[in-house]
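Colleague: I would like to understand how terms such as buried, exposed and salt bridge are decided. Could we go through this structure together, one term at a time?

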Amino acid sequence: MAAPMEVALVSDAAGPLCNCSVWELHSGSALPGYRGGNTGPRGLALLGGEHLLGAQLGKSYINVWELQRKDQLQQKIICPGPVTCLTASPNGLYILAGVAESIYLWEVSNGNLLAILNRHYQDLTCLCFTDDSSHFLSGAKDCLALVWNLYSVLQAEPSQIPDPRHVWSRHSLPITDMCCGFGGPLARAATASLDQTAKLWEVSSGELLLSVLFDVGIMAVTLDLSEYHMFCGGMDGSIFQVDLCAWPVQRDRTFQTERENGKIFKGHRNQVTCLSVSTDGSLLLSGSHDETVRLWDIQSKQCLKTMNHKGPVTNAFIVLAPANMLNPDGKPSVPLPKFSKHLYGTESTDEQGSEGVTLRLGLHHPGWCSHLSSPPGAVVWALSAVRRC
């Protein structure tokens with residue numbers, strides 16, 4: 001039986017002719033791309049191995065393609081404002097989108113908008129799920145990274161407000177990227193920031209495990225599957241490799257560029273926007289504002305392949321190609337529903353068909369002045385009542 005094919009999915013800010021290009025990772029051969037739309041940073045996601053989602057750059061909707069129908073958009077998910085980041089749960093059941101400082105949560109099976117979480121105080125920049133879909137993480141320009149328990153958000157009593165499981169506030173400038181390792185709620189997560197640091201956290205306890213200081217702001221971060229290394233993309237185009245098994249163990253480290261020159265990937269001429277590691281841990285994919293995507297051999301730090309684009313690269317990641325991506329005759333097992341613009345249970349009477357509860361709570365942020373007449377942030381969420389036959 002042939003090994004699963006690894007492919008690279010890449011989008012840039014050039015224009016709508018080919019929104020997302022696809023190429024086979026090891027041979028470099030190009031596969032048919034996805035046309036229509038123009039996807040923004042952190043705005044490209046696979047949904048359940050059957051659909052591709054792309055947050056339209058600067059617009060208030062998300063484009064949806066069936067994986068086998070690359071030349072035709074299936075539908076658009078309308079949002080209340082421009083989508084700044086997007087992700088889908090690995091189990092294919094939920095979609096998360098960042099709109100300004102709010103997190104929108106949809107259920108895929110019926111299109112219901114289940115929650116709007118307003119716990120950040122500035123625009124969202126990144127979202128990611130744990131590999132078991134039990135938790136999700138959010139990062140924003142307010143320098144905060146939040147860890148959410150999905151079950152708690154969905155199943156809270158009407159009188160309760162779903163708070164994040166952890167609030168990580170150790171960054172001093174906006175968070176630019178985050179990623180989560182394997183292990184579900186026991187996983188480790190990495191965050192990157194303009195404050196020139198990348199940090200490694202434990203999701204279960206919320207403990208800070210490692211903080212690495214660099215000479216430049218960090219725009220992208222990823223882990224290899226074995227979590228031996230953390231890769232950090234800098235504003236100057238450099239990519240730094242941090243050994244997570246180094247001895248002696250130090251929670252606070254400074255990356256010594258001169259002494260650790262053998263752990264730097266050099267080639268990009270502008271800031272690195274995205275990073276991804278192959279499943280066997282041998283290859284690193286990087287995208288940059290210099291309008292190129294590069295494939296690197298991790299051991300030698302040599303660039304194996306350079307793909308030129310017509311605009312700054314906004315997304316680039318490696319995935320095992322779902323069967324529908326390679327089969328033009330395939331189709332989704334279940335068609336996607338129409339996604340709601342309104343919180344579940346708050347639609348007009350003719351659209352409703354079920355009950356729901358919406359709660360609001362103002363939460364003051366310690367960094368805001370006490371003379372403000374109203375709090376800058378609020379938590380808005382909906383608990384979906386069980387439909388009774």
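Modeller: Gladly, and please keep in mind that this is a predicted model. Let us start with D252, which has a relative accessible area of 53% and therefore counts as exposed, since exposed means over 50%.

Colleague: Why is R251 called partly exposed?

Modeller: The value for R251 is 39%, and a residue is partly exposed when it is neither under 20%, which would be buried, nor over 50%, which would be exposed; R251 therefore counts as partly exposed.

Colleague: What makes the contact of D252 and R251 a salt bridge?

Modeller: The rule asks for a side-chain nitrogen of Lys or Arg within 4 Å of a carboxyl oxygen of Asp or Glu, and the N to O distance for D252 and R251 is 4.0 Å, so the pair is counted as a salt bridge. In general, side chains of opposite charge can pair when their charged atoms come close.

Colleague: How many salt bridges does the structure hold?

Modeller: There are 6 salt bridges in the structure. One of them joins R119 to D163, with 3.5 Å between the closest N and O atoms. R119 lies in the loop between β11 and β12, while D163 lies in the loop between α1 and β15, so this pair ties together parts that are 44 residues apart in sequence. D163 has a relative accessible area of 46% and is therefore partly exposed.

Colleague: What makes K263 and D243 a salt bridge?

Modeller: Their closest N and O atoms are 2.6 Å apart, and this satisfies the condition of being within 4 Å. K263 sits in the loop between β23 and β24 and D243 in strand β22, so the pair ties together parts that are 20 residues apart in sequence. K263, at 26% relative accessibility, counts as partly exposed, and a network of salt bridges links D243, E260 and K263.

Colleague: Why is strand β1 described as largely enclosed?

Modeller: In β1, residues 6-12, 7 of the 7 residues are buried, so the strand is largely enclosed by the rest of the structure. E6, A8, V10 and D12 point one way, V7, L9 and S11 point the other way, and all are buried.

Colleague: How do you know that β1 pairs with other strands?

Modeller: Two strands pair if at least two bridges are found between them, and β1 is joined to β29 by 7 bridges and to β2 by 5 bridges. β1 runs antiparallel to β29 and antiparallel to β2. As examples, D12 has V313 as its bridge partner in β29, and V7 has E24 as its partner in β2.

Colleague: What makes β9 mostly covered?

Modeller: In strand β9, residues 94-99, 6 of the 6 residues are buried. Y94, L96 and G98 are on one side and I95, A97 and V99 on the other, and all of them are buried, which covers both faces. β9 is joined to β8 by 5 bridges in an antiparallel arrangement, with L96 as the partner of T87. Between β9 and β10, which also run antiparallel, there are 6 bridges, with I103 as the partner of G98.

Colleague: Where does a positive phi appear in the hairpins of β9?

Modeller: In the hairpin of β8 and β9, with 5 residues between the strands, G92 takes a positive phi near 75 degrees, and in the hairpin of β9 and β10, with 2 residues between the strands, A100 takes a positive phi near 55 degrees.

Colleague: What makes L173, L194 and M235 a nonpolar patch?

Modeller: A residue of a patch needs over 30% relative accessible area, and L194 has 31% while L173 has 38%. L194 is in the loop between β17 and β18, and L173 is in the loop between β15 and β16. Together, L173, L194 and M235 have about 230 Å² of accessible area on the surface.

Colleague: Which strand supplies the largest share of the lining of the largest pocket?

Modeller: That is β29, with 6 residues. The lining has 43 residues, of which C180, S276, F317, I318 and V319 lie nearest the centre of the pocket, and the space in this largest pocket is about 1,400 Å³.

Key
Residues numbered from 1 in each chain as written. Predicted model: local features only at pLDDT ≥ 70, side-chain atom pairs only at ≥ 80, totals over all residues. Heavy atoms only, no water. Patch = residues over 30% accessible without salt bridge, like charges linked within 9 Å, V, L, I, M, F, W, Y side chains within 5 Å. Areas by Shrake-Rupley, 256 points an atom, 1.4 Å probe, with all protein chains shown as cover. Helix = DSSP H or I, 4+ residues; strand = E, 2+ residues; numbered from the N terminus. Buried < 20%, exposed > 50% of the residue type's maximum accessible area, 1.4 Å probe, protein only. 1 Å grid on protein atoms, 1.4 Å probe; cavity = no way out; pocket = protein on both sides within 12 Å on 5 of 7 lines; lining within 4 Å. Points joined across faces, edges and corners; volume = space filled by probe spheres on them.
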